Structure formats: structure tokens, C-alpha cells
Amino acid sequence: MDLGLEGRAALVGGASKGIGKAIAREFVSEGARVMICSRSAENLAAAAEEIRSETGKEVEYAVCDMASHDDIKRTVAAAAEKLGRLDILVNNAGGPPTGTFQDLDERYWQHAIDQNLLSVVRTVREALPHLRRSGSGRIINITSVAVKQPIDGLILSNATRLAVVGLAKTLSRELAPEGITVNNVCPGNIATERLIALIEERAARQGQTLADAVSLEEGRVPMGFLGEATDVAGLVAFLASDRARYITGTTIQVDGGSTTAVF
Ligand code: NAD
């Protein structure tokens, strides 16, 4: 299916690795111009080179800590300038640390709120004038299956991502008259560095080998295997396209059937 992304311009957060990088690669393959960002210039250069060698197309990049308001302002402006326009905004950053309520003090909460909630508010605010000019602006927030079923030991993620879902729902209704859609994509069991690190932590706590912990995790997925970042990227590319022009305010999981919640 030609998604018609040729000529569109996208800014993708947290994209030197994992799901963000797969989304950037998918956009580039579909003919969009893309700027990726993360906190490390070295990792960004490597990701841009990897995408270039796979697709034959250039990717712009900018160092941006999604927890920093100043970085976001600078990065959105740079994306609009280098790409010449901005049609698609993918809000993505690393997940907050694991831990219980007892473990995590005020500093952790503030950082998670900055990185995983206010980053969305700030990028949208900066990008909105450009998305309005686009005529078919797209805002896609990468959250987590935790918004449908909170995950024990991930209290910061459970709290901040649900706030993103509430924000996105209201924003989708406010921006719908301008043809801008706002949707949330919820990965679960996607075999990226983040997930493997979480499984490793759990394995160490429970005295298991990593291989045993991975098979245990796979056994919990109705499809019987962990997903790839490309599984998430396919949905994001569709939501970014004109084919999805009437889809807004939704929260869709990509999790091999793990979530038992109905909505
Ligand atoms: P990952 O750790 O593999 O990649 C995260 C990317 O974001 C990296 O490029 C990293 O450098 C970048 N990053 C981290 N913090 C940043 C910051 N403050 N500013 C800018 N860039 C930053 O993670 P992933 O598995 O690709 O996950 C992407 C998002 O999806 C995360 O928020 C994660 O918590 C969430 N998620 C993933 C899964 C999964 O199964 N993999 C499940 C639920 C939720």
C-alpha cells in the first residue's frame, strides 16, 4: 500500500535506537523526510548512517533531551528549517526507571513528568504552527500497554503515560477541525534494548538466566513471541498517512495480544 508519505516531513523523538529508529526508517522508506533526535550525537550519527545505508536516503538529526524545554524548542525549530516543513510529530523518549512508590523520590517524579508528559505538551506547542500549515498534521505519541493495564513496579510509567492519553484525547478534539489527528500507540513486548534491560533486571532479581526469562516472557504473549520495533513502526506509518485521516483520539496497542483489557 502506498501510504502517500512522499514529500511529508517528520520529527521523531528518541530515535537513535529501538522503536523510534524503526519508525524513522519506515517513514524514510515511504519517501518522507525525517529528523531524528536523542541525547547522543554519536548514537544519532550511527542511526542516520544505518538508515542511509539501508534506504539510500539521508536523515537529519539533532541532539535533544526530551526532558529539556530548551532542547525541544531548538529541535522543533531546526526540524522545520532543515526539512522545510513539518507534517508529522512522533513523541517518543526513553521509559522512566522502574521502582515502587517507596523507591522513587520527588526528583524521579519530576524527571518522568518532564521526559514523558511535558515533552508531549512542549513539542506539540512548538510544532503546532507548522502542523497547522501542513493541512494534514499528525501527532503520534508512543506510550505503553501500561495505559490499559498498569504494570507492577513501573509506577512512573503508569502515571505519566495515562496523563498523555488524557491530554491526547482532549487535544484530538480541539485540533480535529484543523485536520490534525492525535493518536497514541502502545507497545508491549517489543524486543528492543529497553525491554531486554527490563527482562534482565527481573531475571537478576529472581535468580533466572536471561534466556529463561525471555522464554517466560514469550510464554505470556498469546502469539508466543516478542514483537519487533518494525511491528510498531508499521502502525505509526499508517496513522501518519492520509489513509488514517478519520482516525483520531485513539489509543492502540501493538502487543501480540497480551493486553486482556477490552478498551
Ligand atoms: P529504547 O530504550 O530501545 O530506545 C529509546 C530511545 O530513546 C533511544 O534512542 C534513547 O537514546 C532515546 N532516549 C531515551 N531518553 C531520551 C530523552 N530523555 N531524550 C531523547 N531521547 C531519549 O526504547 P524502546 O523500547 O524503543 O521504547 C520506546 C518507548 O516505548 C519508551 O518510552 C518505552 O518505555 C516505551 N515502551 C516500550 C515497550 C517495549 O516493549 N519495547 C513497551 C512499553 C513501552
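**Figure 1. Strand 2 sits largely enclosed by the rest of the structure, since five of its six residues are buried.** This is a predicted model, as are the views that follow. Strand 2 teams up with strand 1 (residues 9–12): the two run parallel and are joined by four bridges. Look for valine 12, which stands opposite isoleucine 36 in strand 2. Over strand 2 (33–38) and strand 3 lies helix 2 (residues 41–55), which runs at about 165° to strand 3.

**Figure 2. Seven strands line up in an open, parallel sheet.** Reading across, the strand order is 3-2-1-4-5-6-7. Strand 3 (60–63) and strand 7 (251–254) are the edge strands, and each of them pairs on one side only. From one strand to the next, the twist averages 20°.

**Figure 3. Strand 5 and strand 6 run side by side, with helix 8 lying across them.** Strand 5 (residues 138–142) and strand 6 (residues 181–187) are parallel, and five bridges join them. One pair to pick out is arginine 138 and its bridge partner in strand 6, threonine 181. Helix 8 (residues 229–240) lies across strand 4 (88–91), strand 5, strand 6 and strand 7. Relative to strand 6, helix 8 runs at about 170°.

**Figure 4. Helix 1 packs on helix 8 at an angle of about 50°.** The axes of helix 1 (residues 18–29) and helix 8 are 8 Å apart. That angle makes helix 1 oblique to helix 8, and the crossing is right-handed. Helix 1 brings Gly18, Ile19, Ala22, Ile23, Glu26 and Phe27 to the contact. From helix 8 come Ala229, Thr230, Val232, Ala233, Gly234, Val236, Ala237 and Ala240. Sorted by type, the residues of this contact are ten nonpolar, three polar and one charged.

**Figure 5. Helix 6 and helix 7 cross at roughly 115°.** The axes of helix 6 (residues 193–206) and helix 7 (residues 210–219) come within 9 Å. The two helices are therefore roughly perpendicular to each other, in a crossing that is right-handed. On the helix 6 side you'll find Ile196, Ile199, Glu200, Arg202 and Ala203, which meet Leu210, Ala213, Val214 and Glu217 of helix 7. The residues of this contact split into six nonpolar, three charged and no polar.

**Figure 6. Asparagine 189 has a positive phi, although it is not a glycine.** The phi value is about 60°. To find asparagine 189, follow the loop between strand 6 and helix 6. With a relative accessible area of 15%, asparagine 189 is buried, because the cut-off for buried is under 20%.

**Figure 7. Aspartate 114 is a buried residue of helix 4.** Helix 4 covers residues 106–134. The relative accessibility of aspartate 114 is 16%, so this side chain's residue counts as buried. Leaving aside neighbours within four places in sequence, aspartate 114 is in contact with Met66, Ala67, Ser119 and Arg122. Threonine 160 is 46 residues away from aspartate 114 in sequence, but the two C-alpha atoms are 9.3 Å apart in space.

**Figure 8. Aspartate 71 is a buried residue of helix 3.** Helix 3 takes in residues 69–83. Aspartate 71 has a relative accessibility of 17%, which means that it counts as buried. Once neighbours within four places in sequence are set aside, the contacts of aspartate 71 are Cys64 and Asp65.

**Figure 9. Lysine 169 is a partly exposed residue of helix 5.** Helix 5 spans residues 155–175. Lysine 169 counts as partly exposed because its relative accessibility is 43%. For a landmark, try asparagine 141: its C-alpha atom and that of lysine 169 are separated by 11 Å, with the two positions 28 residues apart along the chain.

Notes. Residues numbered from 1 in each chain as written. Predicted model: local features only at pLDDT ≥ 70, side-chain atom pairs only at ≥ 80, totals over all residues. Heavy atoms only, no water. Buried < 20%, exposed > 50% of the residue type's maximum accessible area, 1.4 Å probe, protein only. Axes fitted to C-alpha atoms, helices over the stretch in contact; angles between N-to-C directions. Parallel < 35°, antiparallel > 145°, perpendicular 65-115°, else oblique. Left-handed = near helix turned anticlockwise from the far one by under 90°. Contact = heavy atoms within 4.5 Å. Nonpolar A, V, L, I, M, F, W, Y, C, P; charged D, E, K, R; others polar. Pairing = 2+ DSSP bridges.
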